[in-house]
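Student: I'd like to take a close look at one part of this protein with you. Could you walk me through it slowly and then place it in its surroundings?

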Amino acid sequence: MKFAGMTSQLALFDKPVQDEACNVRGVRTVKFAARAAAAFSMVLILGSGLSLAAPVWAETTGADMADRVVPVMPSGAGPVGGSAQLAHEVLDEMNLLRTDPRGYIAVLEAYRAQFDGDLVIRPGRIRIRTYEGVAAVDEAIRFLRTQAPVAPLTLDHTLALAAGDHVHDQGTNGIVGHYSSDGWDFGVRVSRRGGEPYGGENISYGYDTAREVIIQLLVDDNIADRGHRVNLFRDGFVRAGVGCGPHRTFAYMCVIDYGYPPIGRRTERR
């Protein structure tokens, strides 16, 4: 059995946005091998995309990362400690990557070692077919060698609530993408929770460990502009909230909502 995970990414301008931020510019169909289903890819005006992305392996080597290994979970078992713990671990793992990109090379090198052609062979778990094979991993490693560290993201509870709302909606309905089942986008979801309706969003489908989620977004297999990776390292983002939970089609999903400095603090700096 072969499985390809999915991700989706959205980045909005560093200012409040109107409805045109979510106008669809193009739609194309792609195929993937998960449960013999079909997925779609769409591009939104401000650069969001939904497409197949690199699956990952959840172990690592290297002294710098030895104390940060996320346990490998049986497929479909869900995270140890539940969805709330996974959400916290995803934020921690993302900050580990942001603050020490060169140290994270060890994680990708361990992942690369599991490839057999375009397949990732994970002991005790299902095999995963990628689109680019090790080429995408090698490109990500080269990127990390030159990427400067960026500040860690602080936990934002409003963004976490908005992310959790999207997980609950999509997980229950088995849908994917940045739009909720009621047609609203990231900005509206954050506004509903009392937040500022601009920032960015990454979504991972199919993985239930923090390390798998972050490697999937970092390698960004089959995504030409590596938009998920751009969001991971966007230095304008200072806050983030994560929501994770079951998904009717892909077993698990995680949503990462990002935020810029609050408008009040920007005014104070001027």
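Which residues of α2 are buried?

Tutor: Happy to go through this with you, and please keep in mind that this is a predicted model. The buried residues of α2 are Ile105, Ala106, Val107, Leu108, Ala110 and Tyr111. That is 6 of the 8 residues of α2, so this helix is largely enclosed by the rest of the structure. The elements that cover these buried residues include β5 (115-116), β6 (119-120), α3 and α6.

Let's begin with α6, one of those covering elements. Two packed helices are described by the angle between their axes and the distance between the axes. Here the axes of α2 (residues 105-112) and α6 (residues 210-219) come within 11 Å and cross at roughly 90 degrees. An angle from 65 to 115 degrees counts as roughly perpendicular, and α2 and α6 are therefore roughly perpendicular to each other. On the α2 side, the contact is made by Val107, Leu108 and Tyr111. On the α6 side, Arg211, Ile215, Leu218 and Val219 take part. Sorted by class, this contact has 6 nonpolar residues, no polar ones and 1 charged residue.

Tyr111 deserves a second look. Besides being one of the α2 residues that touch α6, Tyr111 forms an aromatic pair with Phe115. The pair is edge-to-face, at 5.1 Å centre to centre and with 70 degrees between the planes. Both partners, Tyr111 and Phe115, are buried.

The structure holds 6 aromatic pairs, and another of them leads us to α3, which also helps to cover α2. Phe143 and Phe233 form an edge-to-face pair, with 5.4 Å centre to centre and 65 degrees between the planes. Phe143 lies in α3 (residues 134-146) and Phe233 in α7 (residues 227-233), so this pair ties together parts that are 90 residues apart in sequence. The two rings are not enclosed alike: Phe143 is partly exposed, with a relative accessible area of 23%, whereas Phe233 counts as buried at 7%. Phe143 has a charged partner as well, as the charged end of Arg229 sits over its ring, 4.9 Å from the ring centre. Elsewhere, ring pairs link Tyr198, Phe237, Tyr258 and Tyr260 into a cluster.

Next comes β6, another of the elements over α2. Leu119 lies in this strand and is buried, with a relative accessible area of 10%. Leu119 and Val134 are 15 residues apart in sequence, and their C-alpha atoms are 9.3 Å apart in space. Val134 takes us back to α3, which covers residues 134-146.

Now follow the chain onward from α6. The loop between α6 and α7 holds Asp220 and also Arg226. Asp220 has a positive phi of about 60 degrees although it is not a glycine. Arg226 is another residue other than glycine with a positive phi, in this case near 50 degrees. Both side chains belong to charged classes, yet Asp220 counts as buried at 0% relative accessibility, and Arg226 counts as buried at 12%.

Two further spots show how residues separated along the chain sit relative to each other in space. Gly177 is placed in the loop between α4 (157-173) and α5 (186-192), and this glycine is buried, with a relative accessible area of 0%. Gly177 and Ser204 are 27 residues apart in sequence and 9.9 Å apart from C-alpha to C-alpha. Ser191, in helix α5, is partly exposed, with a relative accessible area of 35%. The C-alpha atoms of Ser191 and Ala162 are separated by 8.5 Å, with these positions 29 residues apart along the chain numbering.

Finally, here is the setting for all of this. The protein chain has 8 helices and 11 strands, and 54% of its 270 residues count as buried. Among contacts in the chain with a separation of 6 or more, residues 24 or more positions apart account for 74%. To return to your request, α2 is largely enclosed, with 6 of its 8 residues buried, and α6 crosses it at roughly 90 degrees.

Technical notes: Residues are numbered from 1 along each chain as its sequence is written. This is a predicted model: local features need pLDDT of at least 70, side-chain atom pairs count only at pLDDT 80 or more; totals for chains, interfaces and linings use all residues. Side-chain values use heavy atoms; hydrogens and water are left out. Axes are lines fitted to C-alpha atoms, for helices over the stretch in contact, and angles run from 0 to 180 degrees between N-to-C directions. Helices (H or I, at least four residues) and strands (E, at least two) are DSSP runs, numbered from the N terminus. Angles under 35 degrees count as roughly parallel, over 145 as roughly antiparallel, 65 to 115 as roughly perpendicular and the rest as oblique. Contact means heavy atoms within 4.5 Å. Buried means under 20% relative accessible area, exposed over 50%, partly exposed in between (1.4 Å probe, protein chains only). Rings of Phe, Tyr and Trp (its six-membered ring) pair if their centres lie within 6.5 Å; planes under 30 degrees apart count as stacked, over 60 as edge-to-face and the rest as tilted. A charge sits over a ring if NZ of Lys or CZ of Arg is within 6 Å of the ring centre and within 35 degrees of the ring normal.
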